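Me: Got a minute to walk through this one with me? I'd like to start with what's hidden inside.
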Amino acid sequence: MYKELKKIKVKDQFSFAIEDSLEEVCNASETGSGIFLVYALDGEEKELIMVGSTGTIQNDGTLKSKNGGLFEKIVNGHQFAKTGRKYSWPAQMKLENIARLEVYWYETFNDKNKVIPTFLEGQILQNFLDENGKLPKWNVAF
C-alpha cells in the first residue's frame, strides 16, 4: 500500500475475472472522483499493472468531474482500443494470460479529502518508476 493512500477515507476494491461483467462487479463510486489501482493476480503474486484517475480541479478549488465518476472511468474509459474497458480488459487479460484483476479505488477529492486525483496518480506512478525503472505495463504514458 502506498503511504499517500492511507489518509483517504472513501475507498473500496473489487475483483474482476475474464468471465465477469465489469459493470456488475465494479463497486466504485458513481459520483466521486479519484484514482484507481489495477493489480494482476497470479496465485499469491500481485503485480501493479495500471494506475488511473478521474476528476479535474478548477482554479477556484472546485471539482469538475464527468458523469458517472470513478465507476464510469473504470468501466467505460478507453484503453487498448477506442472501446471501453468492459470490453478491452477481458481481451487484454486473455492475451496476457491474466485470470483475475483486483481493482482498488480511492475517492481523493471530497468533503474529507482535497487531494487532486492526477497529483496522487502522478505520485504513485513516480514511486513505481523509482522502484522499477518503468511505468506499470498497462500505463502507456504519463
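Me: Which residues in helix α2 are buried?
Reply: Keep in mind that this is a predicted model. Helix α2 covers residues 69–76, and its buried residues are Gly69, Leu70, Phe71, Ile74 and Val75.

Me: And what do the buried residues of α2 pack against?
Reply: Quite a list: strands β1 (11–17), β2 (33–42), β3 (45–54) and β6, plus helices α1 (22–25) and α3 (85–96).

Me: OK, switching to the largest nonpolar core. Which residues touch the most other members?
Reply: That core has 21 residues, and the ones touching the most other members are Phe14, Phe36, Val38, Ile74, Trp89, Leu101 and Trp138. At least two residues come from each of β1, β2, β3, α2, α3 and β6. The largest share is from α2, with four residues.

Me: Is there a second core, and what does it include?
Reply: A separate core of 14 residues includes Ile8, Ile35, Leu37 and Val115.

Me: Back to Leu101. Where does it sit, and why does it count as buried?
Reply: Leu101 is in strand β6, residues 100–109. It counts as buried because its relative accessibility is 0%, and the cut-off is under 20%.

Me: What does Leu101 touch, leaving out residues up to four places away in sequence?
Reply: Its contacts are Phe14, Ser15, Phe16, Val38, Tyr39, Ala40, Ile49, Trp89, Met93 and Trp138.

Me: Same for Phe14: which residues does it touch?
Reply: With residues up to four places away in sequence again left out, Phe14 touches Leu22, Val25, Cys26, Asn27, Ile74, Leu101, Glu102, Val103 and Trp105.

Note on methods: Residues are numbered from 1 along each chain as its sequence is written. This is a predicted model: local features need pLDDT of at least 70, side-chain atom pairs count only at pLDDT 80 or more; totals for chains, interfaces and linings use all residues. Side-chain values use heavy atoms; hydrogens and water are left out. Buried means under 20% relative accessible area, exposed over 50%, partly exposed in between (1.4 Å probe, protein chains only). Contact means heavy atoms within 4.5 Å. A nonpolar core is a set of buried Ala, Val, Leu, Ile, Met, Phe, Trp, Tyr and Cys residues joined through side-chain atoms within 4.5 Å.
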